[in-house]
Amino acid sequence: MSAYTIPLRAALYLRVSTARQAEHDVSIPDQKRQGEAYCASRGYQLVETFVEAGASATNDRRPEFQRMIEAGTAKPAPFDVVVVHSFSRFFRDHFELEFYVRKLARNGVKLISITQEMGDDPMHVMMRQIMALFDEYQSKENAKHVLRAQKENARQGFWNGALPPIGYRVVAAEQRGAKIKKKLEIDPLHADTVRLIYRLALEGDGVAGQMGVKNIVSYLNRNRIFTRDGGRWGIGQVHRILTRRTYMGEHEFNKRSKAKVRKPASEVVTVPVPPIIDRETFDAVQALLKARNPKVTPARVVAGPTLLTGLIHCGKCGGAMTIRTGKGGRYRYYVCSMKARQGPAGCQGMAVPMGKLDDLVAGHLEDRLLRPERLEIILAAVLDRRQERSERRREHIAELNKRAAESDLRLKRLYDAIEAGVAELDDPALKDRIEGLKAIRDQARADAERAQAILDASGGQAVTPPMLRKFAETARQRIRLEGGGYRRDHLRALAQRVEVYDGEVRIIGSKSRLLHTLTAKNSVNSVPTQGLKWRKGWDSNPR
């Protein structure tokens with residue numbers, strides 16, 4: 001009478017990381033065929049197969065891998081052995097390989113390689129570890145060579161295959177052998193959304209003045225301006241658009257590691273791409289974002305009553321100047337914060353009476369800047385660039401209208417084919433095609449209408465001599481308060497930085513910012529606050 005032996009239960013783990021591997025001898029079907037044959041030859045009972053397509057073995061962030069480990073460490077385990085094509089299919093990191101091998105072994109589950117069969121004695125364990133080290137080294141070398149090729153591709157101005165930023169699309173540029181090199185071009189369907197976001201940040205919607213990131217998100221979602229995927233906007237998406245250098249024509253490749261750590265500047269490759277917004281607009285938005293950042297400029301500085309707080313800097317060290325008082329608060333001074341903290345050894349900067357400097361800055365702006373003839377000279381170059389942008393916008397509207405007309409024509413052809421019986425209406429592929437063309441047509445029409453409205457509005461904002469006179473007069477009135485004080489929000493629209501030197505005060509402002517202020521609906525725009533929310537019934541430092 002022969003004893004009955006219960007066969008070992010086996011699980012197959014199959015993995016490829018690239019499309020090229022899927023086409024060659026380590027493809028999923030080939031691994032599956034070899035695994036099933038191996039189990040049959042050993043008398044194993046195959047109970048489950050885990051398939052991981054397109055995942056790297058350098059880390060454990062793989063859904064099927066984690067599901068297999070979870071099953072293999074459960075009590076009781078549903079299988080006795082895990083069969084892989086090679087140890088590199090399981091893990092390329094030697095430390096992680098040993099970690100998971102031992103984790104499974106503690107639950108009585110053994111890892112077996114079809115092409116690298118080994119026993120459990122110390123010699124075979126050492127051999128497995130050595131092979132894992134070679135696999136890890138090969139993986140890192142491959143990654144190094146791939147990155148080097150991608151950086152060279154980027155230096156030549158080509159796109160490396162990731163999803164392009166919203167507002168761009170990938171097009172074939174040239175063919176080299178079997179490879180098709182690709183570049184980015186502006187996507188007229190979404191480029192206007194990017195321009196709108198920048199305009200809202202700089203000018204606002206003509207009602208409330210310049211908008212912060214949260215207000216822009218609310219505006220986009222409220223007006224049903226969707227993302228590229230048809231979804232709603234979030235704060236992170238809008239902030240990335242406002243800070244991404246790609247939109248002014250400089251796409252940065254290899255900027256961060258897989259761990260999202262910023263790489264040294266020497267590792268970053270700048271790829272020239274068609275700009276959606278000009279450099280001056282981009283720089284102006286960066287300055288606004290920096291000024292509104294609570295880590296840089298606290299809320300009390302943005303909305304506070306003191307005229308120059310947050311704007312004034314020491315000309316010697318570049319640090320901010322803060323307020324100090326004397327004689328029990330009767331006298332107030334602007335003092336270099338570095339000197340106040342560290343004494344003369346930190347900085348030799350001077351202390352300036354607050355009232356004296358406030359009067360000097362406000363008086364200079366009134367007498368030298370807020371004159372119609374002076375404003376006309378300052379804004380001449382900016383107005384020329386504005387005219388160029390209007391011309392580009394007209395060309396863009398024509399392109400959008402052309403795109404909408406082409407989509408309409410293709411839809412008509414499809415409908416004619418359905419009526420003629422050439423195509424079936426219930427064909428899923430045909431339905432998807434019709435929906436796609438409708439989406440492109442509707443998006444192009446909406447963007448064209450929005451761009452035309454912007455063009456019409458900017459046409460009505462032509463800067464005329466009467467407009468300059470009115471602006472100068474209104475600004476001169478609003479900058480002062482009854483009783484001798486000043487309105488700080490209006491000062492920020494005219495100057496963004498004040499530097500104090502020995503015997504000299506330098507006032508720095510943006511021409512573009514001045515023009516935006518001049519043409520805004522409410523003229524001298526107030527700077528939006530950060531929307532402080534007070535804790536009702538609490539002190540400012542809840543414990």
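This short presentation covers the salt bridges, one helix and one charged surface patch of the structure shown above.

Please keep in mind that we are looking at a predicted model.

I begin with the salt bridges, of which the structure holds 19. I shall discuss several of them in turn.

Let us start within a single helix. Helix α3 spans residues 63-72 and contains both Glu64 and Arg67. These two residues form a salt bridge, with their closest N and O atoms 3.0 Å apart. They are separated by three residues, about one turn of the helix. In general, an α-helix has 3.6 residues a turn, so residues three or four places apart point the same way. As for its surroundings, Arg67 is partly exposed, at a relative accessible area of 37%.

A second pair consists of Arg245 and Glu250, whose closest N and O atoms are 2.9 Å apart in their salt bridge. Arg245 is also partly exposed, with a relative accessible area of 30%.

The third pair is Arg441 and Asp408, whose side chains meet in a salt bridge at 3.2 Å, N to O. This pair links distant parts of the chain, since Arg441 belongs to helix α15 and Asp408 to helix α14, with their positions 33 residues apart. Is Arg441 buried or exposed? Its relative accessibility is 16%, so Arg441 counts as buried, the limit being under 20%. Asp408, by contrast, counts as partly exposed, with a relative accessibility of 29%.

Beyond individual pairs, there is also a network: Arg169, Glu185, Asp187 and Arg403 are joined into one by salt bridges that share partners.

I turn now to helix α13, which runs over residues 354-369. Its 16 residues reach 22 Å from the first C-alpha to the last, close to the 22 Å expected at 1.5 Å a residue. Which residues of α13 are buried? They are Met354, Leu357, Asp358, Val361, Ala362, Gly363, Leu365, Glu366 and Leu369. For those following along in the viewer, the list includes the charged residues Asp358 and Glu366.

Finally, I come to the surface. A patch of negative charge gathers Glu424, Asp426, Asp427, Asp432 and Glu435. One of these residues, Asp426, lies in the loop between α14 (372-419) and α15 (428-459). Asp426 has a relative accessible area of 58% and is therefore exposed, as the threshold is over 50%. The two helices that flank this loop are also the ones that the Arg441 and Asp408 pair links.

That concludes the presentation, and I welcome discussion.

Key. Residues are numbered from 1 along each chain as its sequence is written. This is a predicted model: local features need pLDDT of at least 70, side-chain atom pairs count only at pLDDT 80 or more; totals for chains, interfaces and linings use all residues. Side-chain values use heavy atoms; hydrogens and water are left out. Patches are made of residues with over 30% relative accessible area and no salt bridge: like charges are joined within 9 Å, nonpolar side chains (Val, Leu, Ile, Met, Phe, Trp, Tyr) within 5 Å. Accessible areas come from the Shrake-Rupley method with a 1.4 Å probe; for residues, only the protein chains shown count as cover. A salt bridge is a side-chain nitrogen of Lys or Arg within 4 Å of a carboxyl oxygen of Asp or Glu. The place of a charge is taken as NZ of Lys, CZ of Arg, CG of Asp or CD of Glu. Helices (H or I, at least four residues) and strands (E, at least two) are DSSP runs, numbered from the N terminus. Buried means under 20% relative accessible area, exposed over 50%, partly exposed in between (1.4 Å probe, protein chains only). The expected span of a helix is 1.5 Å times one less than its number of residues.
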